[in-house]
Amino acid sequence: MVSSTYARRTASAAKPFILRPSERGELSTIIIRSQNSIPSTQPQQIPLQKSLKTDQNASVVNDALKAFDDMLQLQTQPPISSFNTLLGTVAKSKRYRDLFIMFDRMAEVDLLPDYIGMHILLNCYCDLKRVGLGFAVVGGIIKRGYKPNIVTFTSLIKGLCLEDKLGDALSLLRKIIGFGFRPNVKTWGTLVNGLCRSGNAKVALRLHEEMRNGTVGFDLKFDPNLIYYSCLIDGLCKEGLVEKGKELFLEMEGRGISADVVAYGALINGLCRIGDWERGRDLFFQMMDRGIRPNVVTFNMLIDALCKEGKTDEASGLLDFMIRRGEKPDSIIFNTLIDGYCLERRIGDARKLFVSMRDEGHERDVASYNVLINGYCKCGRSDEAMSLFKEMLCNKYKPTVITFNTLLTGLFQKGKVKDAQELYSSIKDYDLTPDSATYSILLDGFCKNDCLEEAIEFFQTLEKSGYKPNSLTCNCLLDGLCKAGKLDLASELFGRFSEMELAPSAYTYSIMINGFCKGGQLEKANNLFLEMEKKGCAPDVATFNTLMRGFCDNNDADKVVELLHLMAERSFVPDSYTAAIVVDLLSKDQSYLKYLELIPSFSDKGEEMRTR
DNA sequence: ATAGGGTTAG
């Protein structure tokens with residue numbers, strides 16, 4: 001190992017520590033007084049500083065920053081490990097902007113970070129989704145004569161996962177295993193988390209099972225812990241595989257690992273999301289019986305679940321209960337409840353809570369505004385949504401892409417195409433970049449407001465700018481073209497999917513099938529239905545419904561019945577659209593009454609699905 | 001002194 005170089009400078013070379021607005025867009029700066037100004041013990045805060053009021057770690061971090069500033073000015077420099085401790089504290093609080101300033105300050109006095117310090121920097125880049133810079137740091141680590149270890153690679157794997165480079169993460173893992181590195185439980189946890197967050201919980205589960213069963217194909221010390229299991233359980237639950245999650249939960253406890261509030265939360269949230277509020281509540285009580293104290297996050301899951309069920313008053317009661325238990329509500333809880341009122345179209349109550357937040361000293365954040373703006377938009381009150389937007393700007397809240405996407409949706413819904421276009425062009429003025437959702441909203445908005453030309457033109461501009469539209473964005477235009485009867489243009493765009501390296505989804509096919517059906521080209525619709533299966537894209541209930549609706553409207557009842565049989569064969573659960581088609585079919589021709597027998601077989605399956 | 005977990009808004 002190479003020892004770190006300390007070149008010392010006089011204490012006066014170090015500047016007072018001035019923190020700039022951090023990554024999270026905090027509104028002001030704080031100044032930590034340097035020794036030679038006022039010898040105060042407390043860091044001075046300018047009142048505008050928002051995050052610090054709510055951030056419990058803020059004082060710890062501020063103390064660390066002050067100590068760091070002091071240490072840089074000492075005549076006898078403390079050991080590098082002391083700097084590392086402070087770097088580690090700030091890194092843990094995710095105050096990356098401050099962390100970079102610390103590294104800058106160190107560089108100013110020629111104090112090179114050592115092995116640990118470089119890993120803190122590496123991990124920081126990975127968290128910021130700048131894994132390329134992370135690799136550069138690794139290059140620096142090697143250049144300095146250090147050897148990367150499993151910590152180095154775990155950080156890189158996380159960075160790759162965060163940038164959605166799952167394939168690269170996996171091949172890096174394979175490579176280091178080949179080099180003889182031994183991934184540990186944190187490495188596996190990182191990978192499992194990465195897989196789950198990118199919608200690959202099933203892959204994570206397979207990996208888990210292979211490791212557990214010893215069939216993974218390489219030498220492995222499998223020693224899962226609570227956090228590892230929590231990642232997996234949460235990932236499975238988020239993909240709706242709650243029963244698998246429960247199994248893993250039991251497997252974990254079977255290994256003597258007791259669940260904590262997070263592990264329980266994963267399951268409770270999973271159950272709530274699939275609408276199994278009863279079992280979610282039971283689990284909540286079970287958790288409390290075991291002496292595990294629910295916290296704000298747990299309560300938020302339940303409050304959100306109640307809100308989504310339309311039981312906002314009960315949700316509000318639960319919030320009171322939480323407060324009585326001594327948990328301090330945070331902005332997320334309030335935002336959830338405000339959203340609940342909005343969902344119920346109780347915009348007055350939503351506004352009241354929004355106002356009372358400020359009056360009672362609870363910090364609002366940009367999401368509070370976004371939620372309420374969405375509420376107004378959903379109620380068709382886009383003017384009030386826009387005034388709220390202006391109000392948030394006046395109050396120095398920085399809008400996000402979500403703010404714009406919400407407003408754009410609201411404006412298009414009210415047919416205010418010009419306003420929407422204007423708002424869209426203003427996005428860049430806020431240092432924001434539209435995302436794929438913005439593009440979809442624009443395309444969809446143009447199409448639904450009879451501005452097909454604008455939609456086509458916008459799409460072309462996007463492509464010319466080098467942007468690669470994703471399939472969801474293409475679907476918007478595709479749907480617009482189909483609904484406008486421009487089947488030739490739609491077919492052309494559909495035909496370009498592979499050239500654009502996009503895979504049509506079941507939804508894409510449904511759009512095209514619907515287009516052909518409405519255009520009276522039933523055969524083409526049917527061929528597309530057959531084609532999608534050949535290409536490995538499984539139709540879903542909506543695809544069946546679309547095609548059946550086409551045949552039904554075309555009075556081809558036999559074909560509808562054939563498709564109904566096919567659905568039943570494949571254990572599809574029919575929905576209300578399916579039901580409407582069947583009803584239509586029967587009203588057209590009583591002789592199809594005999595096919596009613598299909599319905600009980602469906603509903604049995606539906607029941608089975610629900611109770612499983 | 002460096003790597004891994006849960007909640008809201010489109």
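**Exercise 1. Which side chains meet in a salt bridge with an N to O distance of 2.7 Å?** Locate the pair in the chain and state how exposed each partner is.

Solution. The model is predicted.

Step 1. The pair is Arg 496 and Glu 463, whose side chains form a salt bridge of 2.7 Å, N to O.

Step 2. Arg 496 belongs to the loop between helix 26 (487-495) and helix 27 (506-518), while Glu 463 belongs to helix 24 (residues 452-464). The two are 33 residues apart, so the bridge links distant parts of the chain.

Step 3. Buried means under 20% relative accessible area and exposed means over 50%, with partly exposed in between. Arg 496 has 22% and is therefore partly exposed. Glu 463 has 25% and is therefore partly exposed.

**Exercise 2. Find where the salt bridge between Lys 94 and Asp 127 sits in the chain.**

Solution.

Step 1. Side chains of opposite charge can pair when their charged atoms come close. For Lys 94 and Asp 127 the N to O distance is 3.3 Å. The cut-off for a salt bridge is 4 Å, so this pair qualifies.

Step 2. Lys 94 is in the loop between helix 3 (80-92) and helix 4 (96-108), and Asp 127 is in helix 5 (residues 115-127). They are 33 residues apart.

Step 3. The relative accessible area of Lys 94 is 47%, which means that Lys 94 is partly exposed.

**Exercise 3. Which residues are joined with Arg 346 into one network of salt bridges?** Start from the pair Arg 346 and Asp 313.

Solution.

Step 1. The side chains of Arg 346 and Asp 313 form a salt bridge of 3.0 Å, N to O.

Step 2. Arg 346 is in the loop between helix 17 (331-343) and helix 18 (347-359), and Asp 313 is in helix 16 (residues 312-324). The bridge therefore ties together parts 33 residues apart in sequence.

Step 3. With 24% relative accessibility, Arg 346 is partly exposed.

Step 4. Through shared partners, salt bridges join Asp 313, Glu 344, Arg 346, Asp 349 and Lys 352 into one network. The whole structure has 33 salt bridges.

**Exercise 4. Is Ala 263 buried or exposed?** List its contacts as well.

Solution.

Step 1. Ala 263 lies in helix 13 (residues 261-273).

Step 2. Its relative accessibility is 0%, so Ala 263 counts as buried.

Step 3. Leaving out residues up to four places away in sequence, Ala 263 touches Leu 226, Ser 230, Phe 249 and Met 252.

**Exercise 5. Describe phi at Lys 129 and Lys 396.**

Solution.

Step 1. Most residues other than glycine have a negative phi.

Step 2. Lys 129 has a positive phi, near 60 degrees. Lys 129 is in the loop between helix 5 and helix 6 (131-143), and its relative accessibility of 47% makes it partly exposed.

Step 3. Lys 396 also has a positive phi, about 70 degrees. Lys 396 is in the loop between helix 20 (382-394) and helix 21 (401-413). At 55% relative accessibility, Lys 396 is exposed.

**Exercise 6. Which residues of helix 14 are buried?** Find how they are arranged around the axis.

Solution.

Step 1. Helix 14 (residues 277-289) has 13 residues and spans 18 Å from first to last C-alpha, close to the 18 Å expected.

Step 2. Trp 277, Gly 280, Leu 283, Phe 284 and Met 287 are buried. Their arc around the axis is only 125 degrees, so they are on the same side of helix 14.

Step 3. An α-helix has 3.6 residues a turn, so residues three or four places apart point the same way.

Step 4. The buried residues pack against helix 12 (242-254), helix 13 and helix 15 (296-308). Just after helix 14, Gly 291 has a positive phi of about 80 degrees.

**Exercise 7. At what angle do helix 27 and helix 29 pack?** Name the residues in contact.

Solution.

Step 1. The angle is about 5 degrees, and the axes of helix 27 and helix 29 (residues 541-553) are 9 Å apart.

Step 2. Angles under 35 degrees count as roughly parallel, so helix 27 is roughly parallel to helix 29.

Step 3. Helix 27 contributes Ala 506, Ser 510, Ile 513, Asn 514 and Cys 517 to the contact. Helix 29 contributes Ala 542, Thr 543, Thr 546, Leu 547 and Gly 550.

Technical notes:
Residues are numbered from 1 along each chain as its sequence is written. Chains are lettered from A and ligands numbered from 1 in the order in which they are written. Side-chain values use heavy atoms; hydrogens and water are left out. Helices (H or I, at least four residues) and strands (E, at least two) are DSSP runs, numbered from the N terminus. Buried means under 20% relative accessible area, exposed over 50%, partly exposed in between (1.4 Å probe, protein chains only). Contact means heavy atoms within 4.5 Å. The expected span of a helix is 1.5 Å times one less than its number of residues. The arc is that of the directions from the helix axis to the C-beta atoms. Axes are lines fitted to C-alpha atoms, for helices over the stretch in contact, and angles run from 0 to 180 degrees between N-to-C directions. Angles under 35 degrees count as roughly parallel, over 145 as roughly antiparallel, 65 to 115 as roughly perpendicular and the rest as oblique.
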